[in-house]
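Grab your viewer and work through these exercises with the model open. Each one gives a task and then a solution in steps.

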Amino acid sequence: MTKRELVIRISNETKLTQLAVKEVIQKLLDYIIESMERNEAVELRNFGVFRVRTRKARLGRNPKSGDQVVVPAK
C-alpha cells in the first residue's frame, strides 16, 4: 500500500479531505524522522518500534570479481 492509497482509504472512511489526511500522515512521518535524527526510538504500540541502528565495518566480497572489500560502518 502506498501513501497515496492510505490517504484515499482514510479519507473515505473518516470523511476528512484527502488534503487534511495527507498533512496528518506527512506530519507523523516528519516527527518520526526528527526523533530518529536525535537518536531517539519511536514506539507505536501494537505496530512497531523505529530506531537507528549502527552497523560495524566489515569485510565483504565483490560479487563480480571475488575481491575482498572493506564495507564501512553505517
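## Exercise 1: Place a strand residue

Gln68 sits in strand β4, which covers residues 68-71. A reminder before going on: this is a predicted model.

**Task.** Work out whether Gln68 is buried or exposed, and find which residues it touches beyond four places away in sequence.

**Solution.**
- Step 1: take the relative accessible area of Gln68, which is 51%.
- Step 2: compare with the cut-off; exposed means over 50%, so Gln68 counts as exposed.
- Step 3: list the contacts. Leaving out residues up to four places away in sequence, Gln68 touches Leu59, Gly60 and Arg61.
- Step 4: try a distance too. Tyr31 is 37 residues from Gln68 in sequence, and their C-alpha atoms are 40 Å apart in space.

## Exercise 2: Check a helix

**Task.** Compare the span of α1 with its expected span, then look at what comes just after α1.

**Solution.**
- Step 1: count residues. Helix α1 runs over residues 3-14, and that makes 12 residues.
- Step 2: go from the first C-alpha of α1 to the last; you get 16 Å, close to the 16 Å expected at 1.5 Å a residue.
- Step 3: move on to Lys15, just after α1, where phi is positive at about 65°.

## Exercise 3: Hunt for salt bridges

**Task.** How many salt bridges are there, and which one has both partners in α1?

**Solution.**
- Step 1: recall the idea. Side chains of opposite charge can pair when their charged atoms come close.
- Step 2: apply the cut-off, a side-chain nitrogen of Lys or Arg within 4 Å of a carboxyl oxygen of Asp or Glu. The count comes to three salt bridges.
- Step 3: go through them. Arg9 pairs with Glu13 at 3.5 Å, N to O; Glu40 pairs with Arg38 at 3.2 Å; Glu43 pairs with Arg45, again with 3.2 Å between the closest N and O atoms.
- Step 4: pick out the helix pair. Arg9 and Glu13 both lie in α1, four residues apart, or about one turn of the helix.
- Step 5: check exposure. Arg9 is partly exposed at 48%, while Glu13 is exposed at 57%. Glu43 is partly exposed at 49%, and its partner Arg45 is exposed at 69%.

## Exercise 4: Find a nonpolar patch

**Task.** Which residues form a nonpolar patch on the surface?

**Solution.**
- Step 1: select Met1, Leu6 and Ile10; together they form the patch, with about 270 Å² of accessible area.
- Step 2: zoom in on Ile10, which lies in α1. Its relative accessibility is 32%, so Ile10 counts as partly exposed.

How values were computed:
Residues numbered from 1 in each chain as written. Predicted model: local features only at pLDDT ≥ 70, side-chain atom pairs only at ≥ 80, totals over all residues. Heavy atoms only, no water. Patch = residues over 30% accessible without salt bridge, like charges linked within 9 Å, V, L, I, M, F, W, Y side chains within 5 Å. Areas by Shrake-Rupley, 256 points an atom, 1.4 Å probe, with all protein chains shown as cover. Helix = DSSP H or I, 4+ residues; strand = E, 2+ residues; numbered from the N terminus. Buried < 20%, exposed > 50% of the residue type's maximum accessible area, 1.4 Å probe, protein only. Expected span 1.5 Å × (residues − 1). Contact = heavy atoms within 4.5 Å.
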